[in-house]
Amino acid sequence: MNRPIFDEPEKIKALDRGNMLSFCVNSAKLYGEAAQLAKKIQINYPEPDNIIVAGMGGSGIGGDLLKDWARTKTDVPIEVNREYHLPKYAGKKTLVLVSSASGDTEETLSTYLDALRRKCMIYCVSSGGALLENAERLNVPYLRVPGGMPPRASLPYLFVPLLVCLEKLGLAKGAQDELTEALKLLEKVTGDNAPQKSTKDNFSKTLALNIGQKAPVVYGYGFYRSVAMRFKQQFNENSKVPSKWEVFSELNHNEIVGWERAGDLAKCFSAIFIRDADEPMEIHSRIEITKELLEQEGVDIFELQTQGNSPLARMLSTVCIGDFTSVYLALLRGVDPTPVKTINYLKETLKQNGFREKVIGELAKL
Ligand code: F6R
């Protein structure tokens, strides 16, 4: 086989013009900076009945990571809202955490407007845009995070503040300790998957090579639900490839039947199973049986063994491996990981319907 492009620094430089690889390499540093920044957070609300994270795409995934991490730690239900409006139950006792890298995303702005009208407790995390302009004017508490990077690369800045909000409100313990472990592990993982590590010693490069021209399907379980979702988003946006994610054990009740008569279609997919040394026995058995079923249908099977002790360290280190893999896959496919021209086209074209301007107009009246 020819030397893969990601082992050729000059070619990487020429293709990775937006330098997406550097965000992967600097993961530990970015999470560390985000943790420093989040120390500024002052959030003085009474205990909410429920929490809703409002955010889309790269700004919504932090909400899912929060929800999965906190599932066994807090009494307060957490939902991620990707609609234009809040669910009916949202009211004064709801805490809405508004997350938008740009601060200009129409669904998020519309939900923020809804939260203001319903007098919810609100905390915003963003680099600016119409969101922070309004929050500043109305004295809604917010944290301004660095901008100028692709939203999905801002995950550390968008996720850590959510975690800190939860901890500062006394709703979940252990975030700081888990983050400390995560940062240490991220140092190791970024080294192990760095561009200068040769393919044979580099899990992400090997996984990208194995996926090749096929569409990756990512299977997670438990708190790896959001991690699998992040993989899929990164394969879409960085590698420019169709991808999907599913979660155990729900996938055993529908997804597996879909492979039954897939025929040649099965050969178009690579399945990546997120494995954990501590996976519960019942999940372990399901994964083993599912692997066999898919293998029989001709689907390529790969496993990713997670690392770390605490849930947060396991989640963030696995996210990091997914990020690396998606970038290496982009390079193999000959695409620049950074631009998302279809999203930009859609956002530009949507402006013609005037909805976003209407929301901004409504916000200005408050
Ligand atoms: C990620 C990306 C998108 C955005 C989404 C929402 O890099 O480009 O997934 O995150 O369109 O926009 P923001 O994050 O600005 O609210």
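Strand 3 (residues 94-100) and strand 4 (residues 121-126) run parallel and are joined by six bridges. Like everything described below, this pairing belongs to a predicted model. Along this pair of strands, S99 stands opposite V125 of strand 4.

**The five-stranded sheet**

Strands 3 and 4 belong to an open sheet of five strands, whose order is 2-1-3-4-5 and whose pairing is parallel. At its edges are strand 2 (78-81) and strand 5 (142-144), each of which pairs on one side only. Between neighbouring strands of this sheet the average turn is 15°, with direction ignored. Helix 5 (residues 106-117) packs on the sheet, where it touches strand 1 (50-54), strand 2, strand 3 and strand 4, and its direction makes about 155° with that of strand 3. Helix 7 (residues 155-168) also lies across this part of the structure, over strand 1, strand 2, strand 3, strand 4 and strand 5, and runs at about 150° to strand 4.

**The four-stranded sheet**

A further open sheet is made of four strands in the order 7-6-8-9, again with parallel pairing. Here the edge strands are strand 7 and strand 9 (300-305), each paired on one side only. Neighbouring strands of this sheet are turned against each other by 25° on average, direction ignored. Strand 6 (residues 215-221) runs parallel to strand 7, and five bridges join the two; within this pair, G220 stands opposite V247 in strand 7. Helix 10 (residues 224-239) lies across strand 6, strand 7, strand 8 (269-275) and strand 9, and runs at about 165° to strand 6.

**Unusual backbone geometry**

Most residues other than glycine have a negative phi, and most peptide bonds are trans. Against that background, three places in the chain deserve a look. The peptide bond from F248 to S249 is cis, with omega near 0°, and S249 has its place in the loop between strand 7 (244-248) and helix 11 (255-258). N19, which is not a glycine, has a positive phi near 60°; this residue sits in the loop between helix 1 (9-15) and helix 2 (20-25), and with a relative accessible area of 41% N19 is partly exposed. K119 likewise has a positive phi, of about 60°, although it is not a glycine. The loop that holds K119 runs between helix 5 and strand 4, and at 56% relative accessibility K119 counts as exposed, because the cut-off for that class is over 50%.

**Salt bridges**

The count of salt bridges comes to 30. Three of the pairs are set out here with the distance between nitrogen and oxygen.

| Acidic residue | Basic residue | N to O distance |
|---|---|---|
| D323 | R230 | 3.0 Å |
| D264 | K267 | 3.1 Å |
| E348 | K351 | 2.8 Å |

The pair of D323 and R230 links distant parts of the chain, since D323 belongs to helix 13 (residues 311-332) and R230 to helix 10, and the two are 93 residues apart. Both D323 and R230 are buried.

The surroundings of the other two pairs can be described residue by residue. D264 is exposed, with a relative accessible area of 60%, whereas its partner K267 is partly exposed at 48%. In the remaining pair, E348 counts as partly exposed at 48% relative accessibility, and K351 counts as partly exposed at 45%. Elsewhere, salt bridges that share partners join R275, E279, E288, K291 and E303 into one network.

**A nonpolar patch on the surface**

Y345, L346 and L350 together make a nonpolar surface patch of about 310 Å². L346 is found in helix 14 (residues 341-350). With a relative accessible area of 48%, L346 is partly exposed, and L346 can therefore count towards such a patch, for which a residue needs over 30% relative accessible area and no salt bridge.

How values were computed. Residues are numbered from 1 along each chain as its sequence is written. This is a predicted model: local features need pLDDT of at least 70, side-chain atom pairs count only at pLDDT 80 or more; totals for chains, interfaces and linings use all residues. Side-chain values use heavy atoms; hydrogens and water are left out. Patches are made of residues with over 30% relative accessible area and no salt bridge: like charges are joined within 9 Å, nonpolar side chains (Val, Leu, Ile, Met, Phe, Trp, Tyr) within 5 Å. Accessible areas come from the Shrake-Rupley method with a 1.4 Å probe; for residues, only the protein chains shown count as cover. A salt bridge is a side-chain nitrogen of Lys or Arg within 4 Å of a carboxyl oxygen of Asp or Glu. Buried means under 20% relative accessible area, exposed over 50%, partly exposed in between (1.4 Å probe, protein chains only). Two strands pair if DSSP finds at least two bridges between them. Axes are lines fitted to C-alpha atoms, for helices over the stretch in contact, and angles run from 0 to 180 degrees between N-to-C directions. Contact means heavy atoms within 4.5 Å.
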